[in-house]
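The questions below go through a protein model, from its strands to its helices and its core. Each answer ends on what was asked.

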Amino acid sequence: MKKFTKTILASTLAATMLMTSGTGAFAATAVKPVPTVAAEAAKKPQAKKFESRLDEIIARGYILVGTPGDYKPFTYLNPKTNEFEGYDIDAMKEFAKSLGVEARFVQTSWPTLMDDMLANKFDIAVGGVTRNTDRQKKAHMSDPYIMFGKAPLIREVDKDKYKSVEDINKPEVRIGVNPGGTNEKFVREHLTKATVTVEQNNLDIPGLVASGKYDVMITDTLEAIVYSKADSRLYAALTDNPFTKSEKAYMIQRGDTIFANYLDVWMDEMKLQGKFDELYKKWVK
């Protein structure tokens, strides 16, 4: 009887120890923390945050320059080389050099210039961008680097025919204009009686004036001078006394004073060293 009792006690003790051991193992498994989304995210390296776009550009090793590529002498996408060239293209190469980075050019358009820049498709917008309060409301316009005005590009044979807004603002006068920029804005505001046609490619308009499809192209004095020099059929009218007075500038996103201050100091240096004068002689004169 005693032997049987000892056997029962031993069995009970063994079962108890097994249950205790199993419970312990289960408890150890149950209290193991379950990974959370936040915990996993904390393990991943966070993207480096920069105090300014200036720092980001230097860190990445290149600057993205947005430009339409259709506005001589400032920006032109040469179909033969598939490379951008012009006054502002050379200027941006100098800007990139000052930063110790590469200049990479991104094609945009005048109607989408602002939206593309605000969408971070590029760091700076260039290419004959007019400095005005409308753009300053959404972006930051740099210090100016060149003055100009709106003037008519016409045929040489008509140089005594179109000398004022009144001469042009007539139904029989055919105007070709590129969309989305200050040229179209001037035409819509001041030449409401003329027959206006929007041409998507700004580069086509001078040739269409020369061939007789249009009588007038309203453009910047600088662009008018360049096209009249390239084609003897054309005449840059009123370049000494244009309809308006404006300035060209470079455009970046607003709110970044570090980047804006650097840009303006660089422009001051370009002026002091005569670099902008050199670009004017190369691309305009």
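Two strands pair if DSSP finds at least two bridges between them. Helices (H or I, at least four residues) and strands (E, at least two) are DSSP runs, numbered from the N terminus. This is a predicted model, in which local features need pLDDT of at least 70, side-chain atom pairs count only at pLDDT 80 or more, and totals for chains, interfaces and linings use all residues. Residues are numbered from 1 along each chain as its sequence is written, and side-chain values use heavy atoms, with hydrogens and water left out.

Q: Do strands β10 and β12 run parallel or antiparallel, and which residue of β12 stands opposite Ile175?
A: β10 (residues 174-177) and β12 (residues 216-220) are joined by two bridges and run parallel. The residue of β12 opposite Ile175 is Val216.

Q: Which strands stand at the edges of the open sheet of five strands?
A: The strand order is β11-β10-β12-β9-β13, with mixed pairing. Two strands have a single partner each, so one side of each is left without a neighbour in the sheet. These edge strands are β11 (195-198) and β13 (234-236).

Q: At about what angle to β12 does helix α10 run?
A: Helix α10 (residues 221-230) lies across β9, β12 and β13. Axes are lines fitted to C-alpha atoms, for helices over the stretch in contact (heavy atoms within 4.5 Å). Angles run from 0 to 180 degrees between N-to-C directions. For α10 against β12 the angle is about 120 degrees.

Q: Why are the buried residues of α11 on the same side of the helix?
A: Buried means under 20% relative accessible area, and exposed over 50%, with partly exposed in between (1.4 Å probe, protein chains only). In α11, Phe259, Ala260, Leu263, Asp264, Trp266, Met267 and Met270 are buried. They are on the same side because the arc they cover around the axis, taken from the directions from the helix axis to the C-beta atoms, is only 160 degrees.

Q: Which residues are exposed on the other side of α11?
A: Helix α11 covers residues 257-272. On its other side, the exposed residues are Thr257, Val265 and Leu272.

Q: How many residues does the largest nonpolar core have?
A: A nonpolar core is a set of buried Ala, Val, Leu, Ile, Met, Phe, Trp, Tyr and Cys residues joined through side-chain atoms within 4.5 Å. Those with the most contacts inside the largest one are Ile63, Phe95, Ile124, Tyr250, Trp266 and Phe276. The number of residues in this core is 42.

Note on methods: The expected span of a helix is 1.5 Å times one less than its number of residues.
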